[in-house]
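Hello,

As promised, here is the structure we talked about. Have a look at it first, and then read on for what turned up.

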Amino acid sequence: MIELHCHTTFSDGTLSPTRLVESAVMAGVRAMAITDHDTLAGWDEAREAAKDPDLYDRLSQPSFSVSQPIEIVPGLELSTVYNGKSMHILGFYPDRDKLSGPLMERLAGRKRRAQAMLDKLEALGYPVELPPMGPGMAPGRPHIARALREAGYVKDSREAFDRFLGEGMPACVDYEKFYASEGIELILACDGIPVWAHPYLFRGGEVEAVLPKLVEAGLMGIEVFHPSHTEYQQEKLARFCETYGLLMTGGSDYHGPGAGHHSGLNSQNVGMELLEALKGARSALVGG
Ligand code: AMP
Ligand code: ZN
Ligand code: FE
Ligand code: FE
């Protein structure tokens, strides 16, 4: 089984890339995409961990070895805006040299936005600080939610989102304007495969109305399997993929233990054939 949607401490996950790779091996995951929010900074450590011969011995996972390591799929989850609402676009196999420059502006925007949310919280009487963040690290609302919990202002992340950070709540600040079509075009320009992440979490319109616009912009796939989707929604998304000739992806959107998300690794039972299709499309994109 594979995982095509995971976060590390380079964005709002709670596991470092190394710990994430270890957990994935323990869960029997054969291939895993690192899809941090607006950053590629977790790829190298994940690849190093996957190549580490000691890893498999240490974890006593005999079905893995240096000759049969877990496969790391390079990816990201871009934060964009559509109809004034947050929309996440996954990108698989983007060219790092092409994407790194444009991403610096996205990351700087995330940092400005995080500071704006901290300023709002302070004005509301809830001053908190973010943990120190290195250059490639992407701050997000979950970091602020954890800081609020650690300060004792809320009992858990959920309360932090319900009272302060959820869309429309007093300390929430929207992403700086970067439209979904721009995100899709950017990923394509960097030889990556753009995929609409968890469409049924989108709050700015009906999936059937929005999808044709995204396809027009160059969208190549839909994240069909996601813990927030019902079986019925997954079936609908799979039919859309057939209708529009789109790739299907899926993953647990794993953020690590204590992140306030409820799905574990391998929760979506995604098969290797989806990754093969993704790779085929990538080759066609780059070759043709
Ligand atoms: P950001 O990228 O800063 O907008 O934060 C988005 C992330 O916050 C998502 O990927 C989720 O991990 C998390 N999130 C969004 N809404 C909620 C919520 N209502 N409760 C808990 N976590 C949430
Ligand atoms: Zn996240
Ligand atoms: Fe997302
Ligand atoms: Fe995610």
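Below I go through the metal sites, then a pair of helices, and then a few single residues. Please keep in mind that this is a predicted model.

**The iron ion (ligand 4)**

Let me start with the iron ion (ligand 4). Its protein donors are H5 (NE2), H7 (NE2), E77 (OE) and D253 (OD), at 2.0 to 2.3 Å. Along the chain, these donors follow the spacing H-x1-H-x69-E-x175-D. H5 sits in the loop between β1 (2-3) and α1 (17-26), and D253 in the loop between β7 (247-250) and α10 (272-287), so this pair ties together parts of the chain that are 248 residues apart in sequence.

What is the geometry like around the iron ion (ligand 4)? The four donor atoms subtend angles of 74 to 159 degrees, which makes the arrangement irregular. To count as tetrahedral, four donors would need all their angles between 85 and 135 degrees.

As for burial, the cut-off is under 20% relative accessible area. H5 has a relative accessibility of 0%, so it counts as buried. D253 is buried as well, with a relative accessible area of 8%.

**The zinc ion (ligand 2)**

Next comes the zinc ion (ligand 2), which is 4.1 Å from the iron ion (ligand 4). The zinc ion (ligand 2) is held at 2.0 to 2.5 Å by D12 (OD), D12 (OD), H37 (NE2) and H255 (NE2); D12 is listed twice there, each time with an OD atom. The site of the zinc ion (ligand 2) is irregular, with angles of 52 to 148 degrees among its four donor atoms. In sequence, the donor residues of the zinc ion (ligand 2) are spaced D-x24-H-x217-H. D12 lies in the loop between β1 and α1 and H255 in the loop between β7 and α10, so the two tie together parts that are 243 residues apart in sequence. Both D12 and H255 are buried.

**The iron ion (ligand 3)**

The iron ion (ligand 3) is 5.6 Å from the zinc ion (ligand 2). Which protein atoms are the donors of the iron ion (ligand 3)? They are E77 (OE), H88 (ND1) and H198 (NE2), at 2.0 to 2.2 Å. E77 is thus a donor to the iron ion (ligand 3) and also to the iron ion (ligand 4). The donor residues of the iron ion (ligand 3) have the spacing E-x10-H-x109-H in sequence. H88, in strand β4 (residues 85-92), and H198, in the loop between β5 (193-196) and α8 (207-217), link distant parts of the chain, 110 residues apart. H88 is buried at 12% relative accessibility, and H198 is buried at 9%.

**Two helices in contact**

Away from the metals, have a look at helix α5 (residues 141-150) and helix α6 (residues 157-165). Their axes come within 9 Å and cross at roughly 105 degrees. That makes α5 roughly perpendicular to α6. On the α5 side, the contact involves R141, P142, I144, A145, L148 and R149; on the α6 side, S157, A160, F161, F164 and L165. By class, the contact of α5 with α6 has eight nonpolar, one polar and two charged residues.

**Single residues**

H143 is also found in helix α5. Is H143 buried or exposed? At 7% relative accessibility, H143 counts as buried. Leaving out residues up to four places away in sequence, H143 touches S11, D12, L130, M133 and A138. One of these, D12, is a donor of the zinc ion (ligand 2).

Y93 is in the loop between β4 and α4 (96-123). Y93 is buried, with a relative accessible area of 14%. With residues up to four places away in sequence left out, Y93 touches E71, V73, P74, C190, D191, G192, L275, K279 and R282. The C-alpha atoms of Y93 and C241, 148 residues apart along the chain, are separated by 20 Å.

E185 lies in helix α7 (residues 180-189). E185 is partly exposed, with a relative accessible area of 45%. The C-alpha atoms of E185 and L219 are separated by 8.6 Å, and the two residues are 34 apart along the chain.

Happy reading, and best wishes!

Technical notes. Residues numbered from 1 in each chain as written. Chains lettered and ligands numbered in written order. Predicted model: local features only at pLDDT ≥ 70, side-chain atom pairs only at ≥ 80, totals over all residues. Heavy atoms only, no water. Donors = N, O, S within 2.8 Å, 3.2 Å for Na, K, Ca; no water. Tetrahedral: all angles 85-135°; square planar, octahedral: opposite > 155°, others 65-115°. Helix = DSSP H or I, 4+ residues; strand = E, 2+ residues; numbered from the N terminus. Buried < 20%, exposed > 50% of the residue type's maximum accessible area, 1.4 Å probe, protein only. Axes fitted to C-alpha atoms, helices over the stretch in contact; angles between N-to-C directions. Parallel < 35°, antiparallel > 145°, perpendicular 65-115°, else oblique. Contact = heavy atoms within 4.5 Å. Nonpolar A, V, L, I, M, F, W, Y, C, P; charged D, E, K, R; others polar.
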